[in-house]
Amino acid sequence: MDLTALDAIDVHVHVEQDGRGCLALDRELLDASAAYFKADQDRTPTLERIAEHYRARRTAAVVFTVDATAATGHPALSSEEIADAAAEHADVLVPFGSVDPHAGRAAVDRARRLVTRHGVRGFKFHPSLQGFDPNDVRFYPLYEVLAEEGVPALFHTGQTGIGAGLPGGRGIKLRHSNPMLLDDVAADFPELTIVMAHPSVPWQDEAISIATHKANVYIDLSGWSPKYFPPQLVRATNTLLREKVLFGSDFPVITPERWLADFAKLDIKDEVRPLVLKENAVRVLGLAGGRG
């Protein structure tokens, strides 16, 4: 990956459909998510379409699915296939893996294989969708592998559009995504890089506090248009957390062009913008020098 050819790195991009037409979520959850985000673009682009979209915009994308098989009963897309296909678009795609934490030792072994055999550069977790508390010690062996392999863990935090507006939210519980649960993980695994995804509404102050206190914790700004960012998040981005905040869109529900257009209007210092859009991600993802 030639970093000099890129203007930005989007650290939060979902793969919602594989090459065989299988979907990452069932239709009810996909439709509810699209309605929540008022997304009228293609909701399920393939990985190849994602690569084309980002290449045309001189932007790299961290791509992943979420394996929530145990909690939802819906078969997950293959992280192995995503990683192998992303290798064919290595100029713009950075693959992350996903494993179901409830799979126990199988998840631990699979996580290591995804790194060593398929070249994934990190892992995505969605505690609410996957139905687990991140600080439950039953899942610590999984974090041990990630720390040993030197790859970051990206955790959904705060409210989610998945299940939004459905009776009971389809059983999805928001409390699993309270960022305070990740404070335990960050303290117990100081060598594990943790990225808290999204403005963590209704726990924004907690997320800012954790990222300020823990050197190994970062925040990505995906899932919200920047014009809706809580003011304390904007202040922190300009000051204490200028090297801890990352650009993320949440594509395909929010496009990078929409996010970037709104970010351009946000009161962010000129010297901070390149940190958020690219430089912080280069460090977190371990992309060295001009090429990764």
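**Cavities, sheets and one pocket**

By class, the lining of the largest cavity comes to nine nonpolar residues, with no polar and no charged ones. That is where I will start today. Before going on, note that this is a predicted model, and every value I quote is computed from it.

The residues in question are Val-11, Val-62, Phe-96, Pro-152, Leu-154, Val-195, Leu-246, Val-284 and Leu-285. The space they line is about 60 Å³ in volume. The search gives two cavities of 30 Å³ or more. The second largest holds about 40 Å³. Its lining is made up of Ala-24, Leu-25, Val-66, Ala-68, Thr-69, Thr-72, His-74, Pro-75 and Ala-76. By class, that lining has six nonpolar residues, three polar ones and no charged ones.

Val-62 brings me to the sheets. Three strands, in the order E1-E2-E3, make an open sheet with parallel pairing. Which strands stand at its edges? They are E1 and strand E3, residues 93-95, and each pairs on one side only. On average, neighbouring strands here are turned by 25 degrees against each other, direction ignored. Between E2 and E3 there are three bridges, in the parallel sense. Val-62, which I named in the cavity lining, has Val-94 in E3 as its bridge partner.

The other sheet to show is also open. It has five strands, ordered E4-E5-E6-E7-E8, and the pairing is parallel. Strand E4, residues 123-125, and strand E8, residues 245-246, are at the edges with a single partner strand each, so one side of each has no neighbour in the sheet. Within this sheet, strand E6, residues 194-197, runs parallel to strand E7, residues 217-220, and four bridges join the two. Ile-194 is found opposite Val-217 in E7. Helix H8, residues 180-188, packs on the sheet and touches strand E5, residues 153-156, as well as E6 and E7. The direction of H8 makes about 170 degrees with that of E6.

Now the largest pocket. Its volume is about 540 Å³. How many residues line it? The count is 35, and those nearest the centre are Tyr-36, Phe-37, Gly-223, Asp-250 and Val-253. By class, the lining of this pocket divides into 15 nonpolar, 14 polar and six charged residues. Two elements, strand E1 at 8-14 and helix H1 at 27-37, each supply at least two lining residues. H1 gives the most, with three residues.

Next, the aromatic rings. Across the whole structure there are 13 aromatic pairs. One of them is Tyr-54 with Phe-251, which is edge-to-face, at 5.6 Å centre to centre and 90 degrees between the planes. Why does this pair tie together parts that are 197 residues apart in sequence? Tyr-54 sits in helix H2, residues 47-55, whereas Phe-251 sits in the loop between E8 and helix H11, residues 256-264, so the two rings link those parts.

Phe-251 comes up again in the backbone. Most residues other than glycine have a negative phi, and most peptide bonds are trans. Here are three exceptions to look at on the screen.

- The bond from Phe-251 to Pro-252 is cis, with omega near 15 degrees. Pro-252 belongs to the loop between E8 and H11.
- The bond from Val-201 to Pro-202 is cis, with omega near 10 degrees. Pro-202 is in the loop between E6 and helix H9, residues 204-213.
- Arg-58 has a positive phi, near 55 degrees, and is not a glycine. Arg-58 falls in the loop between H2 and strand E2, residues 59-64.

To close, a short recap. The largest cavity has a lining without polar or charged residues, whereas the lining of the largest pocket includes 14 polar and six charged ones. The two sheets I showed are open and parallel, one with three strands and the other with five. Phe-251 takes part in an edge-to-face pair with Tyr-54, and the peptide bond from Phe-251 to Pro-252 is cis.

How values were computed: Residues numbered from 1 in each chain as written. Predicted model: local features only at pLDDT ≥ 70, side-chain atom pairs only at ≥ 80, totals over all residues. Heavy atoms only, no water. 1 Å grid on protein atoms, 1.4 Å probe; cavity = no way out; pocket = protein on both sides within 12 Å on 5 of 7 lines; lining within 4 Å. Points joined across faces, edges and corners; volume = space filled by probe spheres on them. Nonpolar A, V, L, I, M, F, W, Y, C, P; charged D, E, K, R; others polar. Pairing = 2+ DSSP bridges. Contact = heavy atoms within 4.5 Å. Axes fitted to C-alpha atoms, helices over the stretch in contact; angles between N-to-C directions. Phe/Tyr/Trp six-rings, centres within 6.5 Å; stacked < 30°, edge-to-face > 60°.
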